[in-house]
Amino acid sequence: MPRQNADEPRSAHDDRQPALRLTGLHKAFGGKVAVRHVDLTVPQGSFFGLVGPNGAGKTTALSMAVGLLRPDDGHSEVFGVDVWSHPVQAKALLGVLPDGLAMPEQLTGREVLTFIGRLRGIEPAVLTERVDELLDITQLNDAERTLVVDYSTGMRKKIGLAAALLHRPRLLVLDEPFEAVDPVFGATLKTILLRFVASGGSAILSSHVMALVEQLCDTVAIMAEGNVVAAGPLNEVRGDSTLEEAFVRLVGADARAGEGLSWLAF
Ligand SMILES: Nc1ncnc2c1ncn2[C@@H]1O[C@H](COP(=O)(O)OP(=O)(O)OP(=O)(O)O)[C@@H](O)[C@H]1O
């Protein structure tokens with residue numbers, strides 16, 4: 001397929017294209033390869049789970065995919081729009097919860113969402129309505145006057161999620177969205193995401209919780225040491241086993257698991 005040429009911009013998104021297509025995406029930090037020429041396609045309308053051990057390259061790959069970290073090589077396209085040559089068009093399609101989200105610390109949650117909404121060009125009346133609803137659903141309206149600097153880790157995650165949803169993106173890319181949030185909001189978030197995908201949105205999440213990925217996602221990829229070692233429909237990747245068993249089989253169990261730390265036993 002001919003690649004989008006920067007001289008002939010195809011800025012409008014194309015509904016026939018995958019929600020996300022990574023081609024040869026590559027990143028090294030000081031000689032150490034974090035993501036190795038990764039190809040990955042996320043079909044539109046899918047709920048896509050990205051899993052892998054610590055340091056596998058998930059955050060690095062997702063950061064490059066959404067335009068937060070410049071790749072050494074390769075391309076990322078969102079609905080056919082190249083993220084790096086057409087960042088404005090691509091980012092309008094994307095709702096992103098990055099790892100370690102930086103927020104304006106001296107604003108309240110409402111002020112943060114209003115600020116981001118205005119930057120996104122959302123009409124004021126619509127914005128107020130959406131901010132009210134998002135603060136309500138994230139249970140952050142109780143902390144109406146609390147500055148982000150005083151937020152707990154879970155509250156930060158919630159405001160980050162609200163910011164990702166605010167402009168009604170077509171593709172959500174969420175790095176460990178369930179980490180640090182309480183079970184009540186976790187259940188709400190599952191419902192929000194499933195409804196989003198059922199209504200035609202596409203979602204990608206990374207997680208270490210295999211049961212959660214199995215519960216939510218229809219398509220998965222397993223990364224290890226910067227490579228995608230398996231990708232496809234959940235049922236194909238896990239086969240007759242659980243996703244956790246497939247993960248351990250593909251990534252390799254730690255041979256030392258039952259050994260060592262003898263001093264810890266009573
Ligand atoms: N800014 C950076 N500078 C140097 N090395 C980095 C940087 N970011 C990531 N790395 C390295 O790249 C590799 C992949 O890291 P990455 O955070 O993408 O993994 P991950 O799969 O998201 O891990 P985790 O599940 O622990 O969050 C690791 O070896 C990490 O140490």
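This report describes a ligand shell, a helix pair and three individual residues in a predicted model.

Residues are numbered from 1 along each chain as its sequence is written. Because the model is predicted, local features need pLDDT of at least 70 and side-chain atom pairs count only at pLDDT 80 or more, while totals for chains, interfaces and linings use all residues.

**Ligand shell**

The ligand is surrounded by Phe29, Ala34, Gly52, Asn54, Gly55, Ala56, Gly57, Lys58, Thr59 and Thr60; a residue is near a molecule if its C-beta atom, placed from the backbone, lies within 6 Å of it. Helix 1 (residues 58-65) gives the most to this shell, with 3 residues. Helices (H or I, at least four residues) and strands (E, at least two) are DSSP runs, numbered from the N terminus. By class, the shell has 3 nonpolar, 6 polar and 1 charged residues. Here Ala, Val, Leu, Ile, Met, Phe, Trp, Tyr, Cys and Pro count as nonpolar, Asp, Glu, Lys and Arg as charged, and the others, Gly among them, as polar.

**Helix 3 and helix 4**

Helix 3 (residues 109-119) packs on helix 4 (residues 124-137) at an angle of about 140°, and their axes are 10 Å apart. Axes are lines fitted to C-alpha atoms, for helices over the stretch in contact, with angles from 0 to 180 degrees between N-to-C directions. The two helices are therefore oblique to each other, a class left after angles under 35 degrees (roughly parallel), over 145 (roughly antiparallel) and 65 to 115 (roughly perpendicular). On the helix 3 side, Gly109, Arg110, Leu113, Thr114 and Gly117 meet Leu127, Arg130, Val131, Leu134 and Leu135 of helix 4, contact meaning C-beta atoms, placed from the backbone, within 7 Å. The residues of this contact divide into 5 nonpolar, 3 polar and 2 charged.

**Individual residues**

Most residues other than glycine have a negative phi. Two loop residues with positive phi are tabulated below.

| Residue | Phi | Loop | C-beta neighbours inside 10 Å |
|---|---|---|---|
| Gln139 | near 60° | between helix 4 and helix 5 (153-165) | 15, partly exposed |
| Arg168 | near 55° | between helix 5 and strand 7 (171-175) | 12, exposed |

A residue is buried if 20 or more other C-beta atoms lie within 10 Å of its own, exposed if 12 or fewer, and partly exposed in between, with C-beta atoms placed from the backbone.

Leu243 belongs to helix 9 (residues 243-251) and is buried, with 21 other C-beta atoms within 10 Å. Leaving aside its neighbours within four places in sequence, Leu243 contacts Met210, Val213, Glu214, Val220 and Arg238. Glu214 is 29 residues from Leu243 along the chain, and their C-alpha atoms are separated by 6.9 Å.

How values were computed: Two residues are in contact if their C-beta atoms, placed from the backbone, lie within 7 Å.
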